[in-house]
Amino acid sequence: LWDWNLLTDDVYLSPRWKSMLGFPEDQLADRMESWKHLVHPDDLQRTLSQVNDLVAGRSDRFEIEYRMRHREGRYLDILSRAFAVTDDSGTTVRLVGTHVDMTRRRQDERRLQEREALLDKTSRMAKVGGWGFDVETGTGAWSDEVARIHDLAPGGRIRIEEGLGFFHGEHRLAIQKAVKEAI
């Protein structure tokens, strides 16, 4: 949690906020300069621009991801959300927000993208694909390689009847039987 009083320029950075970045509570001053010093230089202006929009009332929402430097020197992916507190005249007097460490999630997403790329490359080389469908709705999807094999655009949705239409004779019967048994 963080809380910035715009009238006094006082800032509160919660103990959890500090520990997320590897700092004991007493080693990081509760000041905007502490935050600015830790935000990645490439992300600072973009983030400050959104802060300024919230303060000025040009935006009613603040939600942004940026990098912050951990005490050990590495950068964490932070999701910051905030809202403005206004006085009776509508002037923004405080910003209150939270930080969520998204680092592990972003790393997992990158690993998943790498694996998907490897799987796609392997499927192309081997000319092997896969498919699946929802039993209740009868709709499904197939891998990009299956789409390429059938000269279709990758990423499309398909109904089971359409998919079976690509097979004929005994092959179609064998696939229909296998699907029925699997269900």
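Me: On a 1 Å grid over the protein atoms alone, a cavity is a set of points where a 1.4 Å probe fits but cannot get out. How much space lies in the largest cavity?

Reply: About 130 Å³, where a volume is the space filled by probe spheres set on grid points joined across faces, edges and corners. The structure holds one cavity of 30 Å³ or more. The largest cavity is lined by 13 residues (each with an atom within 4 Å of a point), and closest to its centre are Trp2, Met32, Trp35, Tyr66 and His99. β1 (2-5), β2 (11-13), α2 (32-38) and β3 (62-69) each give two or more residues to that lining. Helices (H or I, at least four residues) and strands (E, at least two) are DSSP runs, numbered from the N terminus.

Before we go on, this is a predicted model: local features need pLDDT of at least 70, side-chain atom pairs count only at pLDDT 80 or more, and totals for chains, interfaces and linings use all residues. Residues are numbered from 1 along each chain as its sequence is written, and side-chain values use heavy atoms, with hydrogens and water left out.

Me: What makes Trp35 count as buried or exposed?

Reply: Its relative accessible area is 7%. Buried means under 20%, exposed over 50% and partly exposed in between, with a 1.4 Å probe and protein chains only, so tryptophan 35 is buried. Tyrosine 66, at 2%, counts as buried too.

Me: Why is the aromatic pair of tryptophan 35 and tyrosine 66 called stacked, tilted or edge-to-face?

Reply: The structure holds three aromatic pairs. In this one the rings lie 6.0 Å centre to centre, with 90° between the planes. Rings of Phe, Tyr and Trp (its six-membered ring) pair if their centres lie within 6.5 Å; planes under 30 degrees apart are stacked, over 60 edge-to-face, the rest tilted. The pair is therefore edge-to-face. Tryptophan 35 lies in helix α2 and tyrosine 66 in strand β3, so the pair ties together parts 31 residues apart in sequence.

Me: Which residues does tryptophan 35 touch, leaving out those up to four places away in sequence?

Reply: With contact taken as heavy atoms within 4.5 Å, the partners are Trp17, Leu44, Thr47, Leu48, Tyr66, Met68 and His99. Tryptophan 35 is also among the residues with the most contacts inside the largest nonpolar core, together with Trp2, Trp4, Trp17, Leu21 and Met68. That core has 25 residues.

Me: What makes the lining of the largest pocket nonpolar, polar or charged, class by class?

Reply: It has ten nonpolar, five polar and one charged residues. Ala, Val, Leu, Ile, Met, Phe, Trp, Tyr, Cys and Pro count as nonpolar, Asp, Glu, Lys and Arg as charged, and the others, Gly among them, as polar. Of the 16 lining residues, Trp131, Trp142, Ile160, Gly163 and Leu164 lie nearest the centre. By that rule Gly163 falls under polar. β7 (139-142) gives the largest share of the lining, four residues. The space in this pocket is about 180 Å³.

Me: How do you know that lysine 127 and aspartate 151 have an unusual phi?

Reply: Most residues other than glycine have a negative phi. Lysine 127 has a positive phi near 55°, and aspartate 151 one of about 55°. Lysine 127 sits in the loop between α4 (103-126) and β6, and aspartate 151 in the loop between α5 (144-149) and β8. Lysine 127, at 58% relative accessible area, is exposed, and so is aspartate 151, at 72%.

Conventions:
1 Å grid on protein atoms, 1.4 Å probe; cavity = no way out; pocket = protein on both sides within 12 Å on 5 of 7 lines; lining within 4 Å. Core = buried A, V, L, I, M, F, W, Y, C linked by side-chain atoms within 4.5 Å.
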